[in-house]
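Please open the model in your viewer with a cartoon representation, and keep the sequence panel beside it. The stops below each suggest a selection and then describe what it contains.

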Amino acid sequence: MKIREIMTRDVQTVRPDDSIRRAAQLMDALNVGILPVCEGRDLVGVVTDRDITVRAISAGKQPDRCKVAEVMTTNPRYCYEDDPVGSVTELMAGQQIRRVPVVDRNDRLTGIVSLGDLATEAKNDRAVQGALERISSPSQPDRS
């Protein structure tokens, strides 16, 4: 099974120069915790609800003045739409990440795959289930 078969398509994105308020409002409206950051269709990063909270709000940044580029994760982990589900679950397990942007072979954003997509669509695959357990294992807190 390929990632394109289970990924979420038509993903909403934000631009690096959008405010974090706009990103947070979009997350709220869509009920998501991550947004790909794109220039056109080129993936340049991701911003999560945690990025906004930890890197901006806790640092006293103003939501209307702080740009997504200031808090986003650059060079995010991503996968290709023709990657096998098993290799993507291994990537997610190894990095303990719950969502991965999906790009085509021209590196253009085509979707996103989440832990929920994997749990729902590949629930009968033992390798996927093992990876899902590793993704969900508690990690050590980052105290840096």
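In what order do the strands of the open sheet of three strands lie, and is their pairing parallel or antiparallel? The order is E1-E2-E3, and the pairing is antiparallel. Before selecting these strands, please bear in mind that this is a predicted model.

**The whole chain**

With everything displayed, the protein shows six helices and six strands, which follow one another from the N terminus as α-β-β-α-α-β-β-α-β-β-α-α. Of the 144 residues in the protein, 40% are buried. Among contacts with a separation of 6 or more, 57% are between residues 24 or more positions apart.

**The three-stranded sheet**

Select E1 (34-39), E2 (42-48) and E3 (73-74) next. E1 and E3 are the edge strands, each having a single partner strand, so each has one side without a neighbour in the sheet. Restricting the selection to E1 and E2 shows an antiparallel pair joined by six bridges. Two of the facing positions can be picked out by labelling residues: Pro-36 is opposite Val-46 in E2, and Cys-38 has Leu-43 of E2 as its bridge partner. The hairpin of E1 and E2 has two residues between the strands, and here Gly-40 adopts a positive phi near 70°. If you colour E1 by burial, five of its six residues come out as buried, so that the strand is mostly covered.

**The helix that packs on it**

Now add helix H1, residues 20-30, and show its side chains. Which residues of H1 are buried? They include Ile-20, Ala-23, Leu-26 and Met-27. Looking down the axis of H1, you will find its buried residues within an arc of 120°, so they line one face of the helix. An α-helix has 3.6 residues a turn, so residues three or four places apart point the same way. Turning to the other side of H1 brings Asp-28 and Ala-29 into view, both exposed.

To see what the buried residues of H1 pack against, display E1 and E2 together with helix H2 (49-56) and helix H3 (68-71). Then step just past the end of H1, where Asn-31 has a positive phi of about 60°.

**The second hairpin**

Move on to strand E5 (residues 99-103) and E6 (109-114), which run antiparallel and are joined by five bridges. Within this pair, Val-102 lies opposite Gly-111 of E6. The two strands form a hairpin with five residues between them, and Asp-107, in the turn, takes a positive phi of about 60°. E6 is mostly covered, with five of its six residues buried.

**The second largest pocket**

Finally, where do E1 and E6 appear together? Select the lining of the second largest pocket: E1 and E6 are the elements that each give two or more residues to this lining. The pocket holds about 220 Å³ of space and is lined by 14 residues, among which Thr-8, Val-11, Val-32, Ile-34 and Ile-112 lie nearest its centre. Colouring the lining by residue class separates six nonpolar residues from four polar and four charged ones.

Conventions
Residues numbered from 1 in each chain as written. Predicted model: local features only at pLDDT ≥ 70, side-chain atom pairs only at ≥ 80, totals over all residues. Heavy atoms only, no water. 1 Å grid on protein atoms, 1.4 Å probe; cavity = no way out; pocket = protein on both sides within 12 Å on 5 of 7 lines; lining within 4 Å. Points joined across faces, edges and corners; volume = space filled by probe spheres on them. Helix = DSSP H or I, 4+ residues; strand = E, 2+ residues; numbered from the N terminus. Nonpolar A, V, L, I, M, F, W, Y, C, P; charged D, E, K, R; others polar. Buried < 20%, exposed > 50% of the residue type's maximum accessible area, 1.4 Å probe, protein only. Pairing = 2+ DSSP bridges. Arc of directions from axis to C-beta. Contact = heavy atoms within 4.5 Å.
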